[in-house]
Amino acid sequence: MNLLTQLLELVYPTRCLVCQEVGAVVHPACRAKLSFLQEPFCHQCALPLRVEPCPSPLCQMPEADRYLTGLRSVLLHRGGGREAVLRLKYRGVASLAEWAGTESGQALHRFRLAEHFDLVMPVPLHPDRLRKRGYNQAALVAVVLARRLGRPYREGLLMRRRATRSQVELNGQERAANMRDAFGWSGQPLAGQRVLLFDDVCTTGATLNECARAVRAAGAAEVWALTLTREVFQAGARS
């Protein structure tokens, strides 16, 4: 734990994501109140499903442009899940990263995917963003997840090679266009390995799909993604 994180923990002591009381990331009695992803959901993009076919931007794009093998999420992006993403992104709380990595590993066991991957890597930040923030929140969790799965952790091979505008005010098609060719590969060929990407949140899947494009080009046989939370994003809407 670095000095900045220690100071933040001192100023902002760990509070439960659900009840906000000091003492734990999530108190045992509060865990059942978290909105875990559960059936029914789309097994391609993890969107909670009420109708078929899946209306998500990722599932509606042409199959030739879809590079992700599949996507899963631990929680829906509301309540404690949304609070977890905000704390990770803006405070880098070490105890929260440990909790999120542990919950992510347990989620993969629930989805029967824990033994499926050859390596784990985080979605990278652009170098300018990384310098400004001081850490990559996805990497904080991904390194814990890799340890929990007993799989190699790789960082720095998948790179964000150009800065992109904020996705917040963009719809599904605009998000995909904004992220097009934003990532590149700087490592050795992957030679048929099955890769698990980790990010904090999925809204449309545009960022993850472009990461998967670069990882596939490096020779991966499959590219899956896991996110801590999944937003319920409507095609054509703005978030």
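This passage describes a four-stranded sheet, the helices that pack on it and the surroundings of one phenylalanine in a predicted model.

The strands of the open sheet follow the order β1-β6-β5-β2, and their pairing is parallel. Strands β1 (70–76) and β2 (119–122) form the edges, each of them pairing on one side only, and from one strand to the next the twist averages 25 degrees. Between β1 and β6 (residues 222–230), which run parallel, there are 6 bridges, and in this part of the sheet Gly-70 stands opposite Trp-224 of β6.

Two helices that pack on the sheet can be described by the strands they touch and by their direction with respect to β5. Helix α6 (residues 137–149) touches β2, β5 (194–202) and β6, and its direction makes an angle of about 135 degrees with that of β5. Helix α8 (residues 206–217) touches β1, β2, β5 and β6, with an angle of about 160 degrees between its direction and that of β5.

Phe-117 is found in the loop that lies between α4 (94–110) and β2. With a relative accessible area of 2%, Phe-117 is classed as buried, because this value falls under the 20% cut-off. Beyond its neighbours within four places in sequence, Phe-117 is in contact with Leu-108, Arg-151, Arg-194, Val-195, Leu-196 and Trp-224. For one of these residues, Arg-194, the separation from Phe-117 amounts to 77 residues in sequence, whereas the C-alpha to C-alpha distance is 5.1 Å. Trp-224, another residue in contact with Phe-117, is the β6 residue that stands opposite Gly-70.

How values were computed. Residues are numbered from 1 along each chain as its sequence is written. This is a predicted model: local features need pLDDT of at least 70, side-chain atom pairs count only at pLDDT 80 or more; totals for chains, interfaces and linings use all residues. Side-chain values use heavy atoms; hydrogens and water are left out. Two strands pair if DSSP finds at least two bridges between them. Axes are lines fitted to C-alpha atoms, for helices over the stretch in contact, and angles run from 0 to 180 degrees between N-to-C directions. Contact means heavy atoms within 4.5 Å. Buried means under 20% relative accessible area, exposed over 50%, partly exposed in between (1.4 Å probe, protein chains only).
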